Amino acid sequence: MAESDWDTVTVLRKKGSAAQSKSKQAIITAQRKGEEVETSKKWAAGQNKQHVITKNTAKLDRETEELSHQRVPLEVGKVIQLGRQNKGLTQKDLATKINEKPQIIAEYECGKAIPNNQVMGKIERAIGLKLRGKEIGQPLDAGPKKK
């Protein structure tokens, strides 16, 4: 028992938290002390998309020319405009009638919109003119009658 050293002192310190070790000040302090600082940039951090290659990205990789979406032809825009004016509707009135934003009608009339069959169908029924197929601008009928 005489060999025991009663003067030994043990100091326990808290280690810095992960947030402290990542702070800019902690990094600068470590660099000043000459400690090794490792930084790594994580790709798609916080998402579960690390190794996903979709069909679209593969298709874009193979494609050499610039891709763009098909737009509504100007002919269809003119038909919408004429049909709307014949019914005495403004763009806002037509949009309200088909439950869409007025901006959508403006885009279709200018030829800037990407065609959506649901919206086109609503506009066709509202103005009574065909906007799709070979008979663009013809009156909307109930279709061929069966005998």
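**Group meeting talk: helices 4, 6 and 7 in a predicted model**

Let me start right at a helix pair: from helix 4, Leu74, Gly77, Ile80, Gln81 and Arg84 meet Tyr108, Glu109 and Cys110 of helix 6. Sorted by class, this contact of helix 4 with helix 6 has 4 nonpolar, 2 polar and 2 charged residues. The two axes come within 6 Å and cross at roughly 125 degrees. With that angle, helix 4 and helix 6 are therefore oblique to each other.

Before going on, please keep in mind that this is a predicted model.

Here is the overall picture, everyone. The chain has 7 helices and 0 strands, so if you read the elements from the N terminus on, you get α-α-α-α-α-α-α. Of the 147 residues in the chain, 18% are buried. The accessible surface comes to about 13,300 Å², and carbon and sulfur atoms account for 49% of that surface. As for contacts, take the ones between residues at least 6 apart in sequence: 45% of them join residues at least 24 apart.

Back to the helix pair, and to one residue in it. Is glutamate 109 buried or exposed? Glutamate 109 sits in helix 6, and it counts as buried because its relative accessibility is 10%, where the cut-off for buried is under 20%. What does its side chain pair with in a polar contact of 2.7 Å? The partner is the side chain of glutamine 91. If we set aside neighbours within four places in sequence, glutamate 109 is in contact with Leu74, Gly77, Ile80, Gln81, Arg84 and Gln91. You will recognise Leu74, Gly77, Ile80, Gln81 and Arg84 from the opening, as the helix 4 residues that meet helix 6.

Staying on helix 4 for a moment, have a look at glutamine 85, which lies in that helix. Glutamine 85 has a relative accessible area of 46% and is therefore partly exposed. Its C-alpha is 9.1 Å from the C-alpha of isoleucine 127, though the two residues are 42 apart in sequence. Isoleucine 127 belongs to helix 7 and is buried there.

That takes us to helix 7, residues 117-127. Its buried residues are Val119, Met120, Gly121, Ile123, Glu124, Ala126 and Ile127. Which helices do these buried residues pack against? They pack against helix 4 (74-86), helix 5 (91-97) and helix 6 (102-110).

Let us take the helix 6 side of that packing. The axes of helix 6 and helix 7 come within 12 Å and cross at roughly 90 degrees. Those two helices are therefore roughly perpendicular to each other. Ile104, Ile105 and Tyr108 come from helix 6, while Val119, Met120 and Ile123 come from helix 7. By class, the residues of this contact divide into 6 nonpolar, no polar and no charged. Do set that beside the contact of helix 4 with helix 6, with its 4 nonpolar, 2 polar and 2 charged residues. Tyr108 appears in the contact with helix 7 and also in the one with helix 4.

Now the two ends of helix 7. At the N-terminal end, asparagine 116 acts as a cap, with a side-chain oxygen 3.0 Å from the backbone nitrogen of glutamine 118. After the helix comes glycine 128, with a positive phi near 75 degrees.

While we are on positive phi values, asparagine 99 has one too, near 60 degrees, and this residue is not a glycine. You will find asparagine 99 in the loop between helix 5 and helix 6. It counts as exposed because its relative accessibility is 66%, and the cut-off is over 50%.

One last stop: lysine 130, in the segment after helix 7. Lysine 130 counts as partly exposed, because its relative accessibility is 22%. Its side chain makes a polar contact of 2.8 Å with the side chain of glutamate 135. Not counting residues up to four places away in sequence, lysine 130 touches Val79, Glu124, Glu135, Ile136, Gly137, Gln138, Pro139 and Leu140. One of these, Glu124, is among the buried residues of helix 7. Finally, the C-alpha atoms of lysine 130 and valine 76 are separated by 9.0 Å, while the residues are 54 apart along the chain.

Thanks, everyone, and I am happy to go back to any of these places.

Technical notes:
Residues are numbered from 1 along each chain as its sequence is written. This is a predicted model: local features need pLDDT of at least 70, side-chain atom pairs count only at pLDDT 80 or more; totals for chains, interfaces and linings use all residues. Side-chain values use heavy atoms; hydrogens and water are left out. Buried means under 20% relative accessible area, exposed over 50%, partly exposed in between (1.4 Å probe, protein chains only). Contact means heavy atoms within 4.5 Å. A polar contact is a pair of N or O atoms within 3.5 Å; within protein, one must be able to donate a hydrogen and the other to accept it, and residues adjacent in sequence count only if both atoms are side-chain atoms. Accessible areas come from the Shrake-Rupley method with a 1.4 Å probe; for residues, only the protein chains shown count as cover. Axes are lines fitted to C-alpha atoms, for helices over the stretch in contact, and angles run from 0 to 180 degrees between N-to-C directions. Angles under 35 degrees count as roughly parallel, over 145 as roughly antiparallel, 65 to 115 as roughly perpendicular and the rest as oblique. Ala, Val, Leu, Ile, Met, Phe, Trp, Tyr, Cys and Pro count as nonpolar, Asp, Glu, Lys and Arg as charged, and the others, Gly among them, as polar.
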